[in-house]
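Here's a quick look at the charged contacts, a strand arrangement and a surface patch. Have the sequence and the coordinates open while you read.

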Amino acid sequence: MLLLLELDLLWMTLLVTGVILRRRGEPLRAGWQRIARALPPAPIARAIGHEVAALRALAWVARRRPPTVPIGALPVPAKNGTLVLPAAFIAASGVEIAVLHLVLPYPALATALTALSVYGVVLLLGFIAVRWQHPHYLTETDLVIRTGHHVVATVPRKDIASARVHHDGTTTSPAVEGTRARIATLAGCNIAVTLSAPVSLRLNASPRSKAHRVTELRFATDDATTVIDALRRDHDR
């Protein structure tokens with residue numbers, strides 16, 4: 001929901017800034033160049049990088065490319081429930097576009113805002129595609145939990161004491177409570193892994209993200225049975 005708000009704030013900020021520049025009699029191109037020079041380069045570069053990565057991931061998903069995991073690893077996708085938010089945003093954007101064309105007296109402005117709304121939908125789908133293209137995965141030695149490009153935790157399979165199907169809908173976003181971590185989607189979690197030794201994890205890639213030590217990890221996957229069977233085979237060897 002915060003992402004949807006930010007996208008709406010973005011086009012409103014662009015609109016208001018353009019109006020201010022016009023009232024001051026400053027050419028739009030020169031005004032935006034002056035604003036760009038005043039912005040800190042590092043955060044802008046990161047934002048552009050995330051945007052490009054989202055569009056690239058959307059293109060990969062549209063072309064049905066296999067998920068990005070190491071050779072020989074078992075992908076553990078968690079797509080269920082991830083399209084609920086984009087569907088709601090697409091519906092809201094349709095209403096917004098219709099209202100803009102009815103309210104705004106300038107067709108060119110309405111068309112520009114429509115283009116921004118459509119691009120916002122595409123970008124949101126791109127962020128979802130990043131998660132699809134970079135799922136969790138199992139190797140011979142580790143269970144790797146990810147949110148997009150970010151590796152939340154690398155769990156040695158030898159430290160997994162038990163793994164079971166456990167449907168947990170108490171949260172729909174990644175969270176840590178004590179020594180229990182939930183890497184949830186909008187569908188919650190459906191696998192619980194108990195560890196014999198604590199593992200360190202970070203919920204996101206921000207430098208300010210806190211490192212947590214957990215002994216239980218819950219996460220979502222589309223095929224819980226396959227994952228559980230693979231983890232239980234470790235104890236049968």
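A salt bridge here means a side-chain nitrogen of Lys or Arg within 4 Å of a carboxyl oxygen of Asp or Glu. Keep in mind that this is a predicted model.

**Salt bridges**

With that rule, the count comes to 7 salt bridges. Three of them are listed here.

| Pair | N to O distance |
|---|---|
| D159 and K158 | 3.4 Å |
| R164 and E216 | 3.9 Å |
| R182 and E177 | 3.2 Å |

Start with D159 and K158, whose side chains meet in a salt bridge. D159 counts as buried, because its relative accessibility is 16% and the cut-off for buried is under 20%. K158 sits at 69% relative accessibility, so K158 counts as exposed.

Next up is the salt bridge between R164 and E216. R164 lies in strand β5 (residues 160-168) and E216 in strand β9 (residues 211-219), so this pair ties together parts that are 52 residues apart in sequence. As for cover, R164 is partly exposed at 32% relative accessibility, while E216 is buried with a relative accessible area of 12%.

Then there's R182, which forms a salt bridge with E177. R182 is buried, at a relative accessible area of 9%, whereas E177 is exposed at 53%. Salt bridges with shared partners link R164, D168, E177, R180, R182, E216 and R218 into one network.

**An open sheet**

Now for the strands. An open sheet of 4 strands runs in the order β1-β2-β3-β4, and the pairing is antiparallel. Why do β1 and β4 each have one side without a neighbour in the sheet? β1 (74-76) and β4 (150-156) stand at the edges and have a single partner strand each, so one side of each is left free of a neighbour in the sheet. On average, neighbouring strands of this sheet are turned by 20° against each other, direction ignored.

If you want to check the β1 edge by hand, look for the 3 bridges that join β1 to strand β2 (residues 136-138), with the two running antiparallel. One residue to look at is V76, whose bridge partner in β2 is H136.

**A nonpolar patch**

Which residues make the nonpolar surface patch of about 420 Å²? They are V95, V99, L102 and V103. Of these, V103 lies in helix α4 (residues 84-103). V103 has 60% relative accessibility, so V103 counts as exposed.

Notes
Residues are numbered from 1 along each chain as its sequence is written. This is a predicted model: local features need pLDDT of at least 70, side-chain atom pairs count only at pLDDT 80 or more; totals for chains, interfaces and linings use all residues. Side-chain values use heavy atoms; hydrogens and water are left out. Patches are made of residues with over 30% relative accessible area and no salt bridge: like charges are joined within 9 Å, nonpolar side chains (Val, Leu, Ile, Met, Phe, Trp, Tyr) within 5 Å. Accessible areas come from the Shrake-Rupley method with a 1.4 Å probe; for residues, only the protein chains shown count as cover. Buried means under 20% relative accessible area, exposed over 50%, partly exposed in between (1.4 Å probe, protein chains only). Two strands pair if DSSP finds at least two bridges between them. Axes are lines fitted to C-alpha atoms, for helices over the stretch in contact, and angles run from 0 to 180 degrees between N-to-C directions.
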